[in-house]
Structures are given as C-alpha cells and as structure tokens.
Amino acid sequence: MPIPEGLTAAGTRDRPFTPIWPVDDLPRGAMRRFTHGDLDLLVAHTESGLCVSDDRCPHMAAPLSIGSLDGCVVACPLHRGRFDLETGETIQFPTTGGLDADGRYHPPWTPMDGPPKAEPTDLKTQARALTRVRRLRYYPVRIVGGMIEVQLPD
Ligand code: FES
C-alpha cells in the first residue's frame, strides 16, 4: 500500500530495510505490534496490502494493534475512534471530541449502545477539547523473499 503523501515518518528516509517477520505470519485482516527499541509499530495486513504506522492512536496514544481491523479501517480500543490506514484520515472522531488535524473543533458524543457517562470536571472538559487528533505517520514497508521489511529510524 503506498504511503499517503506527506505522512512518511521522520527519520526513515535512506534507512536500510530491516526484516521483521515472514509475511505468512500476518494473514490478510491481521494486525500485530512490532517493537524496536522504544518504538512500537502497528503492522497491519489490510485489504489493500501491508502498512506500518506507529502503534499509538493519533488521539490519546492507545495501542491500535489491540483494536480491530475492517478492510483498511482500524478501530481504536478506546473512545471509538476509527482511522483509514489507506488515506491516514479519521473516519469516526473519538467520543471525547476535540480538535482534528486541521484544528477544527468536534464536540463529544455518546454511543447509542453505551451507558451514560458522568459529566467530566471542567479541567477534563478543557483537556478533551484541546486534544488534537493528528494524522497517522507511516514507515516504508516491502516484502522481499517472503519477509516483511521496514525502514526504521535511527
Ligand atoms: S485513544 Fe484512540 S480514540 Fe481515543
């Protein structure tokens, strides 16, 4: 899957490709975390191919690898945010509301099937409103000799 324009992770350019797993270990529809030093990566085998991004939700950094994958859309295990791995765009804004990548405000919402939530304190309301959902960053990935290889930063 090609990386969306402008969303390549910093520090990966001109880096060597590092083999991580046999591609057979990650069937289509599966996701796993790969850790390199203090870097946690999400490796997803989507319907459009492999992609590697940070294993941190662009909202509040929850591990996307324990969420769910539907086609090319990953659902975060917290706050119901959903993100299109093919485009890097937010498909469903988190329940908490907040700012999108362009700085536009989105109000909080309550899931239809969830229990009513307690009103947050003023400070929590402010923190949620000021939390920006950034765009995902991607790491170049390829398959060589049946192995998944990724360009990792220094
Ligand atoms: S941490 Fe993922 S939607 Fe909030």
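Me: In this predicted model, how many nonpolar residues are in the lining of the largest cavity?
Reply: The lining of the largest cavity can be split by class. Polar residues are absent from this lining, and so are charged ones. The nonpolar count is nine.

Me: Which element gives the most to the lining of the largest cavity?
Reply: The lining includes M1, P2 and I3, along with Y138, Y139 and V141. L50, C51 and V52 line the cavity too. Strand β4 spans residues 49–54. With three residues, the top contributor is β4.

Me: What volume does the largest cavity have?
Reply: A search of the whole structure with a threshold of 30 Å³ or more finds one cavity. Its lining has nine nonpolar residues. The volume is about 30 Å³.

Me: Is D54 buried or exposed?
Reply: D54 sits in strand β4. Its side chain has no salt bridge. The nearest side chain of opposite charge is that of R56, 6.2 Å away. A salt bridge needs a distance within 4 Å. D54 is buried.

Me: With which side chain does the side chain of D54 make a polar contact?
Reply: R56, at 6.2 Å, forms no salt bridge with D54. A polar contact is present at 2.7 Å. Its partner also lines the largest cavity. That partner is Y139.

Me: What is the volume of the largest pocket?
Reply: The largest pocket has a lining of 17 residues. T95, P108, K117, P120 and R128 lie nearest its centre. The volume is about 380 Å³.

Me: Which element gives the largest share of the lining of the largest pocket?
Reply: Two elements give two or more residues each to this lining. One is β10, residues 105–106. The other spans 122–130. With three residues, the largest share comes from α1.

Me: How many polar residues are in the lining of the largest pocket?
Reply: The lining has 17 residues. Six are nonpolar and three are charged. The polar count is eight.

Me: Which strand gives the most to the lining of the second largest pocket?
Reply: This pocket holds about 160 Å³ of space. Nearest its centre lie E89, T90, D100, A101 and R135. The leading strand covers residues 90–92 and gives three residues. The strand is β8.

Me: How many charged residues are in the lining of the second largest pocket?
Reply: The lining has 14 residues. Four are nonpolar and four are polar. The charged count is six.

Definitions and conventions:
Residues numbered from 1 in each chain as written. Predicted model: local features only at pLDDT ≥ 70, side-chain atom pairs only at ≥ 80, totals over all residues. Heavy atoms only, no water. 1 Å grid on protein atoms, 1.4 Å probe; cavity = no way out; pocket = protein on both sides within 12 Å on 5 of 7 lines; lining within 4 Å. Points joined across faces, edges and corners; volume = space filled by probe spheres on them. Helix = DSSP H or I, 4+ residues; strand = E, 2+ residues; numbered from the N terminus. Nonpolar A, V, L, I, M, F, W, Y, C, P; charged D, E, K, R; others polar. Buried < 20%, exposed > 50% of the residue type's maximum accessible area, 1.4 Å probe, protein only. Lys, Arg positive; Asp, Glu negative; His and termini not counted. Polar contact = N/O pair within 3.5 Å; in protein donor to acceptor, adjacent residues only side chain to side chain.
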